[in-house]
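Here are a few friendly notes to read alongside the model. Keep the 3D view open and find each residue as you go.

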Amino acid sequence: MTISDPIADMLTRIRNAVMARHDSVLVPASRMKLSIARILKREGFIVDYEVLKGKPHRVIKLHLKYDDKNQPILSGLERVSKPGLRIYVGREEISRVYGGLGIAIISTSNGVMTGQQAWRQGIGGELLCYVW
């Protein structure tokens, strides 16, 4: 089965796993998804990730993060740019998410990075998603 929006599929799998309080979630692997997982780990939204060799394809196993009261650290994910409507932002159009508590993930010419990193480097790109 072909997925028309693999990034939205990844975000939905993470959202569903967090709501069900799972420890981890499996996502089909790609370079873009691996870059997003790397950012989520660096920003502290997930504990870790690993790439597993599956029979037909590789998968990414994301280990989700919860606080001491079993409340998820990752409270929201929103896909912004979709295959039917791409959203591009310049340096001056990069917005703060939840007053700085969340992050924007942007695909730039220098790779996938957070909105704050793109703003510091003075570049824009495709606004993939918001995470808070």
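1. Let's start with a charged side chain and a ring. Keep in mind that this is a predicted model. Arg-91 sits over the face of Trp-119, and its distance from the ring centre is 4.3 Å. As for rings that pair with each other, the structure has one aromatic pair.

2. Next, turn to two helices that pack together: α1, which covers residues 6-19, and α2, which covers residues 31-42. Their axes are 10 Å apart and meet at an angle of about 40°. Because that angle falls between the ranges for roughly parallel and roughly perpendicular, α1 counts as oblique to α2. The crossing of these two helices, α1 and α2, is right-handed.

3. Which residues in α1 and α2 meet? From α1 come Pro-6, Ile-7, Met-10 and Ile-14. On the α2 side they touch Met-32, Lys-33, Ile-36, Ala-37 and Leu-40. Of the residues in this contact between α1 and α2, eight are nonpolar, one is charged and none is polar.

4. Now pick out Tyr-49, which belongs to strand β2, residues 46-53. What does Tyr-49 contact, leaving aside neighbours within four places in sequence? Its partners are Leu-34, Ala-37, Arg-38, Lys-41, Ile-60, Lys-61, Leu-62 and His-63. You have already met Ala-37, as one of the α2 residues that meet α1.

5. Finally, try a distance across the model. Tyr-49 and Val-97 are 48 residues apart along the chain, and their C-alpha atoms are separated by 24 Å.

Note on methods
Residues numbered from 1 in each chain as written. Predicted model: local features only at pLDDT ≥ 70, side-chain atom pairs only at ≥ 80, totals over all residues. Heavy atoms only, no water. Phe/Tyr/Trp six-rings, centres within 6.5 Å; stacked < 30°, edge-to-face > 60°. Lys NZ or Arg CZ within 6 Å of the ring centre and 35° of its normal. Axes fitted to C-alpha atoms, helices over the stretch in contact; angles between N-to-C directions. Helix = DSSP H or I, 4+ residues; strand = E, 2+ residues; numbered from the N terminus. Parallel < 35°, antiparallel > 145°, perpendicular 65-115°, else oblique. Left-handed = near helix turned anticlockwise from the far one by under 90°. Contact = heavy atoms within 4.5 Å. Nonpolar A, V, L, I, M, F, W, Y, C, P; charged D, E, K, R; others polar.
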